[in-house]
Amino acid sequence: MPKIKIEGGHQLTGTITVSGAKNSVVALIPAAILCDEIVTISNVPNITDVDDLEKILLHLNAKIDRDKEELVIDSSKIENKEITQELSKKLRASYYFMGALLGRFKHVEMYFPGGCAIGARPINLHLKGFEALGAKVIEEDNHFIIKADKLKGNNIYLDFPSVGATINIMLAAVKAKGKTVIDNAAQEPEIVNVATYLNNMGAKIKGAGTSTITIIGVRHLHKCYHEVIPDRIEAGTYLIIAALLGKNLKIDNMIPSHLEALIAKLTESGVDMEIGLDNIIVNKVGKYKAIDIKTLVYPGFPTDLQQIITTFLTQCKGKSIVEETIYENRFQNLKELNKMGAKTKVKKDNRKAIIKGVTKLKGANVTATDLRGGASLLVAALIANGTTTIDNISYILRGYDKIIEKLTEVGAKIELI
Ligand code: EPZ
């Protein structure tokens, strides 16, 4: 099993270019099967989640051409086969094949999706949406059959603004008869990216990015060319690294307005950022103030940056309190962080953590517990005294395109061993 080895303490200078958004492209790829013609997606990140989704498309006999960041998908001749448990388990986003196959064939058979163990992560809201559109859901120990004679638009209220449920219902509704309204929809930028993509194919979606999305069903979706938006969580990860080690370090090809909450909190702590149109230049400042973080749905502070900012908070003077409101088990990385000298404590309801700073971190052998937890350890290793090895790095490679190359480029001592 490969590991990442990092020698900490090196100043980082130069430019890091952000890749396409994982949480957008993992929806764009399954959604391509709604289209009866060829779909071209550009700015596709080179991450294993994309590889795993391609395996599922090939399993359905779609044709795929991948040339660096460009992906061409021809699903004109796909077969509607059951998606095996092994393929369904590879990632959380396999569940987008539910909405896409339901929308295309009115029938889908697959298993409960995979994804990081950061909570129970049920899909009840997805299924409630499909049923509202006229589908029948048969679930038997993690196996799902979802089918409909016809899909008819309806008004759907989401008890929680779930990103996955919002997108999945959109996929099932674009070819349903009549009008669908999703109320209390999630507003993440990735949802806007998926809606724009479907509209480029001829769908009729309005309101993406707000809490009410309206979809008018259409019969046919034609070919389209679409670009993945920059990954705001990757950009945020590098922004936090820059605050800790940057000297004139530019995070390029990003959308600052997608990171308002993070930028506000880093500014509050004393980080020096020069914000451009599609980049941010950061210079490390000597000392930072402790701050409190509370994760919320977009545009609040993103839960996906919660674990990564806890590493930053170990370098902030004072006591910081982090509250995780989205997932019930997203502090697992802290026990590994404490092995490197961090002083963190999780409160017994597992929803709040206290981070004491400033603590000197020292190199250690640690294990990634999940994707963003792994990223938090990588950030810690970059600032720690001495050498760190990180195990279970397949988590990290799921969501960070060329992270070793990008960090090496700006002066980090990081390698795969
Ligand atoms: C997406 O997951 C992202 N993953 C997650 O990123 C991200 O943390 C999350 O949105 C929130 O922003 C992908 O896009 C592939 P949710 P998703 O449905 O769709 C509960 C990363 O690190 N819920 O908004 O699964 C659920 O249990 C990953 O890149 C239900 O109860 O998120 C969770 O507590 C991690 N029932 C909360 O809602 C449902 O039917 C948020 O889930 C669906 C969700």
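This section walks through the ligand site, one helix, two groups of strands and several backbone details of a predicted model.

The ligand makes a natural starting point. It is surrounded by 23 residues, of which Tyr95, Asn124, Ser162, Asp304 and Ile326 come nearest. Tyr95 also offers a polar side-chain atom that lies 2.6 Å from an oxygen atom of the ligand. Arg92 contributes through its side chain as well, with an N or O atom placed 2.7 Å from a ligand oxygen. At Pro122 it is the backbone that takes part: one of its N or O atoms is 3.4 Å from a nitrogen atom of the ligand. Taken alone the ligand would expose 830 Å², and the protein buries 91% of that area.

Helix 4 spans residues 96-105, and 9 of its 10 residues are buried, leaving the helix mostly covered. The buried residues are Tyr96, Phe97, Met98, Gly99, Ala100, Leu101, Leu102, Gly103 and Arg104. Their cover comes from several elements, including helix 1 (22-31), helix 2, strand 6 (107-111), helix 5 (124-132), strand 8 and helix 6 (163-173). Just after helix 4, Lys106 adopts a positive phi of about 60°.

Helix 2 (48-59) also helps to locate Asn46, a residue in the loop that runs from strand 3 (38-42) to this helix. With a relative accessibility of 43%, Asn46 counts as partly exposed, because that value falls between the 20% limit for buried residues and the 50% limit for exposed ones. Beyond its neighbours within four places in sequence, Asn46 is in contact with Arg66, Asp401 and Lys402. Gly20 is 26 residues away from Asn46 along the chain, yet the C-alpha atoms of the two are separated by 8.8 Å.

Turning to the strands, one open sheet is built from 4 of them in the order 9-10-12-11, with mixed pairing. Its edges are strand 9 (155-157) and strand 11 (204-206), each of which pairs on one side only. Ignoring direction, neighbouring strands in this sheet are turned by 15° against each other on average. Strand 9 and strand 10 (residues 179-183) run parallel and are joined by 3 bridges. Within this pairing, Ile156 has Ile182 of strand 10 as its bridge partner. As background for viewing the sheet, side chains in a regular strand alternate between the two faces.

A further set of pairings centres on strand 16. This strand covers residues 279-283 and is largely enclosed by the rest of the structure, because 4 of its 5 residues are buried. Strand 14 (residues 246-252) runs antiparallel to strand 16, and 4 bridges join the two. One contact point in that pairing is Lys250, whose bridge partner in strand 16 is Ile281. Strand 15 (residues 272-275) is likewise antiparallel to strand 16 and is joined to it by 4 bridges. Here Ile275 has Ile280 of strand 16 as its bridge partner. A hairpin of 3 residues connects strand 15 to strand 16.

Some backbone details deserve a look, since most residues other than glycine have a negative phi and most peptide bonds are trans. Strand 14 holds one such case, as Asn248 is found in this strand and has a positive phi of about 55° although it is not a glycine. Asn248 is partly exposed, at 47% relative accessibility. Another asparagine, Asn142, has a positive phi near 70°. Asn142 is located in the loop between strand 7 (136-140) and strand 8 (143-147), and with a relative accessible area of 35% it is partly exposed.

Cis peptide bonds are found in the model too. Tyr298 and Pro299 are joined by one, with omega at about 10°. Pro299 sits in the loop between strand 18 (293-294) and helix 10 (306-313). A cis bond also leads from Gly357 to Val358, where omega is near 5°. Val358 belongs to the loop between strand 21 (352-357) and strand 22 (365-367).

Conventions. Residues are numbered from 1 along each chain as its sequence is written. This is a predicted model: local features need pLDDT of at least 70, side-chain atom pairs count only at pLDDT 80 or more; totals for chains, interfaces and linings use all residues. Side-chain values use heavy atoms; hydrogens and water are left out. Two strands pair if DSSP finds at least two bridges between them. Axes are lines fitted to C-alpha atoms, for helices over the stretch in contact, and angles run from 0 to 180 degrees between N-to-C directions. Buried means under 20% relative accessible area, exposed over 50%, partly exposed in between (1.4 Å probe, protein chains only). Contact means heavy atoms within 4.5 Å. A residue is near a molecule or strand if one of its heavy atoms lies within 4 Å of it. A polar contact is a pair of N or O atoms within 3.5 Å; within protein, one must be able to donate a hydrogen and the other to accept it, and residues adjacent in sequence count only if both atoms are side-chain atoms. Accessible areas come from the Shrake-Rupley method with a 1.4 Å probe; for residues, only the protein chains shown count as cover.
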